Every structure is written in C-alpha cells, then in structure tokens.
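Here is a short briefing on surface and interior features. Keep the structure open as you read.

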Amino acid sequence: MFAEARDFRWHLAALALLDLAATPLVLLTPLPVKLVVDNALGSKPVPGPLQPLFGGAHASSGRILFVGSVLQVVVVVLYQFQQAATNAYRTFVGQSLTVRFRSRLFRHVQRLSLSFHDTRGTADSLFRVQYDAPSIEWIVVHGVMQFVSSALMLVAMVVVIAGIDTQLAVVALLVCPPLFFVNNTYSRRVRHRYVDIAVLDSHAMSVAQEVLGSFRVVKAFGREDSEQARYVHHSTKSALGHVRLSVLEGSFGLLVNTITAAGTAVVLYLGARHVQAHTLSLGDLLLVSAYLLRLYAPLESASQQVATLQTSMAGAQRSFELLDQPPDVEDRPDARPLIGARGQLTFTDVSFAYDNSPEVLHGITFHVPAGTRLGLAGHTGSGKTTVVNLLARFYDPTEGQIRLDGIDLRDIRLADLRNQFAIVLQEPLLFSTSIAENIAYARPEATFDEVVAAARAADADRFIEALPGGYDTSVGERGMSLSGGERQRISLARAFLKDAPILILDEPTSAVDINTEAAIVEAMDRLMAGRTTFMIAHRLSTLDLCEAVIELEEGRLVGARGVKARRAPRQRPSVLGANNGRESGPPRSRRIDTQQQRKR
C-alpha cells in the first residue's frame, strides 16, 4: 500500500501537518471553562501565559468572564475551520489515490488472458476494481494518517495531564494495554470473515450481471422466478455474513467502551479525592476530565475503526491478488516494432492447451503466402477459433512457432502485432455509443469522412442515413437497437476503416438471413481484396470466396487445398478432395455469384 501511495507522499505530508493543527486547538477548548471556574468564580490568579489577555494576574471577574467567553467562541470556530479544511483535503487525497489504484487494476485486468476471464468470470474482477480498490484510501488516509494524528494527540494529552496531576495521567494510561489486547484478538479472528463476505458479495453481483446480460434467454425460457431465487439465495448468504459480523463488531465495541468507561470512572474518583484533599483545584479537575474525554476518543475511534480497517485490509488483499495474476501473453524485453506487415504466415508444429487441460491443437503445420484467402473448415470444437486466437496472440502456443513475415510472433511488440489484424466476429460486438463512434473504434483518429467511406464500402451507409440520427444514432447496449445484419455491416465497416493487412472472419454470415448474407458476402469480397484472410466456417459452401482451405478435426490438420501443409497422421479422410495434404497448383480465385448464393 505504501508503495502504491509513494507518489502522493507530499500530499500525505501536507495532510498530516493540517491534521496536527487540531492538537493545540483541542488543548485550548476546555481552557475557558477552567478560567471561569478557578479565576472568575474562584480567587485563583490568572495563569502567567494568559495574563496579557486579562490585563494582569488579578483581573476582574467580569473581564475574565467576557474574555473567556470570547476565547471559547474563537477556539471552536478555528477548530471547526481546521476540521473542514482537513476533511476536504483528506477526501481529495483519498479519491486521487483510489482513482490511481483503480486505473492500475483496470489496466492490469485488460492485460490478463482470455482464459483467466473465461475461468474467473468478469463480475469478480469488476467487484475488485470497483469495490475493493478504495481500500487504499481507507487504509492509508483514514487509517494510517488518522492513527498517527491520534497517537500524537494522545501524547500531548498525557503530557498536559501529567503536568496537572501525574497520578491521574498514569491511571488514564492503564486502559491502553487491555485495549491493545482486545484489538489484536479481534483483528486476528475477523480478517478472514471479511474476505469471505467479499467473496459472497461478488457471487451475488455475478448472478445479477449474468442474468441481466442474458435477459432475452431468461425471458424466452420463463426463468425469471428461478433466477430471482438464485439471486436471493446468494444475497441472503451475504446478508447473514454481514449480520454475524455486526454481532462481533457490537461485542467488540462493548468491550472497548467498557474499558474506557472504567478508566474514566477511576480518574474521576481519584480526581475528586484530590480536590477534597486540596491538591487539585475544581477547574483543574474539569480540565483533566475534558482532556480525558479527548484522550479516550482517539482510542475508542481507533478501536472502532478496526472493523472498517479489517474490511479494507480484506479488500486490499483481494486487489493485490488480482495484481499478482501474471498475464499469459507479454512483450519480450527485446520485442521489435512492426509498422506494416506483408501478411505471410507460417505455423510450424503448433500445439496448444488451455491451462492444464488436454491439448486442443496437435502439431499444426501450414504456410499461407501474403494475400491468400484461407478458409478454416471443420466441425464445432475442431480448433478453428483457437488457430485465429493464436494468430492475434490472445494465447501463445504451448509448443511450436507461428511466424509473420518470417518473424516469430513472440518477437513482435504486442500492440504492433494486433494493429496488423482486423477482426469480424460471428456475433458483432458494439458499444452503447453512436454508430460513428462504433465504426471509428478501429481507428479513433479517423475523420468523419473516412468513417462514412468505410460505411459505404461495407454497404451500411444507406440504412445509417435512414435512421433519425444518422451516424449519431445510439446503438443501445451491445447494439441491440439494430438488427443482426445491420450490426454485422457496422462491424465490417470497422474492419474497412482499420485497413489492416490481415483479416480474420469468424462465421460472419451465420446469424443473418439469405438476402442479408448475399449483401454481406459482396462487402466481404471487397474487404478481402489484397489482404491475407482467415475465414472460419462450419459449412464448406461458406468458403467459396476462399482460394485455399484447410480442414481441422479434433485439433489436427486432416486436409488442405491451395496451401503447403503437413497432414496429421492416421486421421480419417478429408472431405476436401484428392489434393489433401499436398500443395495444389496455382490458387484458383472463386467468387461467389449472388444469385447462386441466394438459391443456396
């Protein structure tokens, strides 16, 4: 935590000085009462340091009452001003720390692998970024800083009380060892409970996010009641955990206040006896009593903050657990930049497995010349998507090598590598912003004219212009205010705008009707021109735009046409024809006919 707060050390130092300004003001607060009791109502002389205010040691009682009253108002106003300034600055420093820590967590989450998010889910990471990250503010600003301030206040109070009556100061300090013991015991016993409750809260949030993100499916199957019951189940477990903690916190608070009340009672008893013995004035007893309340207030506050700090420590633990997760894919120290690739790609004995699972790719070898349109055929689960995920380095091969223009992908800077790809997915992903912003997501610096040109190339301009807001129309959450074909054409426009040398098409026409498919195919034909293209399809007929095809079965390459490839041994015959496993003659470019596609 201190390492995270290092850049704010001067702000924290200024906050500490501002906080310490409360100490002399707190010491002055009960002084007017002592003056009135001992000097106005009694006959004691005014203390030496205050005599200039009263015009001498034996000022009139009226003058003492007036000056004492004015002094009371001045001290209170200064103290409240100091408190307001301290709280405002504490909030500024705390929020700045939280935003910085949140942004670091968010950046790290984006760098983690797809397998991490697939395994853990997004709700848990979201909970840690949004709700666990503020732990840095509560620990550093509200915890450590206030502890330092309370400790200095405690020392000042003890010194002043000892100057009035040493025995009372010693008795007042006797409460510290029991408080320390209770705090230490409580902290050890409840830390893990706060971690468990954070996990339960995260589970409840995960259910809510999952249901709301799949709302159409929930409604279609009439599962609202069962999902409600599931959410209530997780929320109830979390609520019961909070109730049990509340009981523990109440018991802890009872012990703390009992100990401080006992200390106050003993001091009051001894102080009264000292007044009776004329070794202590009544004003001094009132002063000691006021200081005692101020003395015990930081102790009680620090003790009561243990519960809050335990919550924050649990949140900090979860936050740093997330930061400790290493990204599966990182830049090598000597990674080279890449500006513009030709698009030649080679897989050499590439195998891959997710974490500790069995391999999903087995020794894949093939070579794709620059500008080739390559189709990936095979049944569901054959490894087609894994191949393109390895291309974009969403994962790294567990064995083998993938080279782009003769360079191992792991030797290229990750950001430069991914700039060489444009991706069109089976389910187009749009953000809840305008159509223009969604198209420009591929290249944020693009001008509006470039966005329009990309939309025209994707055959999307006509339906966009027909919308009431045109290119400023909001697409709604995940683009659900548009049809599937419209979303896919915006996705194609995004790929046109990026103008990358390598194109990945993942079943881009599987979720649209035949007429829309024909228009999208024509747009894809234009988009593929001059680019190395990987097109995924379950049906061979979808690959008519491709001049080369490889077929995968259970993670093995079982057939190839139009590219050099090494077929997996002892596999069933491929459906691609007699040339399987061998390099064919000159690639044949086959364009799909719109009428034939419509019939098909």
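In the residue classes used here, Ala, Val, Leu, Ile, Met, Phe, Trp, Tyr, Cys and Pro count as nonpolar, Asp, Glu, Lys and Arg as charged, and the others as polar. The model is predicted. A search of the whole structure turns up 2 cavities of 30 Å³ or more. A nonpolar patch of about 370 Å² lies on the surface.

**Second largest cavity**
- This cavity has a volume of about 30 Å³.
- Its lining includes the nonpolar residues Leu390, Pro397, Ile402 and Leu409.
- Arg393, Asp396, Asp408 and Arg410 also line the second largest cavity, and these four count as charged.
- By class, the lining therefore splits into 4 nonpolar, no polar and 4 charged residues.

**Largest cavity**
- The largest cavity holds about 40 Å³ of space.
- Leu15, Ala16, Asp19, Arg90, Met145, Val148 and Ser149 form its lining.
- Helices α1 (9–20) and α8 (135–164) each contribute at least two of the lining residues.
- The lining of the largest cavity has 4 nonpolar, 1 polar and 2 charged residues.

**Nonpolar surface patch**
- Phe66, Val70, Val74 and Leu78 make up the patch.
- Val74 sits in helix α5, which covers residues 61–111.
- Is Val74 buried, partly exposed or exposed? Val74 has a relative accessible area of 40%. Buried means under 20% and exposed means over 50%, so Val74 is partly exposed.
- Patch residues need over 30% relative accessible area, and Val74 has 40%.

Technical notes
Residues are numbered from 1 along each chain as its sequence is written. This is a predicted model: local features need pLDDT of at least 70, side-chain atom pairs count only at pLDDT 80 or more; totals for chains, interfaces and linings use all residues. Side-chain values use heavy atoms; hydrogens and water are left out. Patches are made of residues with over 30% relative accessible area and no salt bridge: like charges are joined within 9 Å, nonpolar side chains (Val, Leu, Ile, Met, Phe, Trp, Tyr) within 5 Å. Accessible areas come from the Shrake-Rupley method with a 1.4 Å probe; for residues, only the protein chains shown count as cover. A salt bridge is a side-chain nitrogen of Lys or Arg within 4 Å of a carboxyl oxygen of Asp or Glu. Helices (H or I, at least four residues) and strands (E, at least two) are DSSP runs, numbered from the N terminus. Buried means under 20% relative accessible area, exposed over 50%, partly exposed in between (1.4 Å probe, protein chains only). On a 1 Å grid over the protein atoms alone, a cavity is a set of points where a 1.4 Å probe fits but cannot get out, and a pocket is an open set with protein on both sides within 12 Å along at least five of seven lines; lining residues have an atom within 4 Å of a point. Grid points are joined across faces, edges and corners, and a volume is the space filled by probe spheres set on the points.
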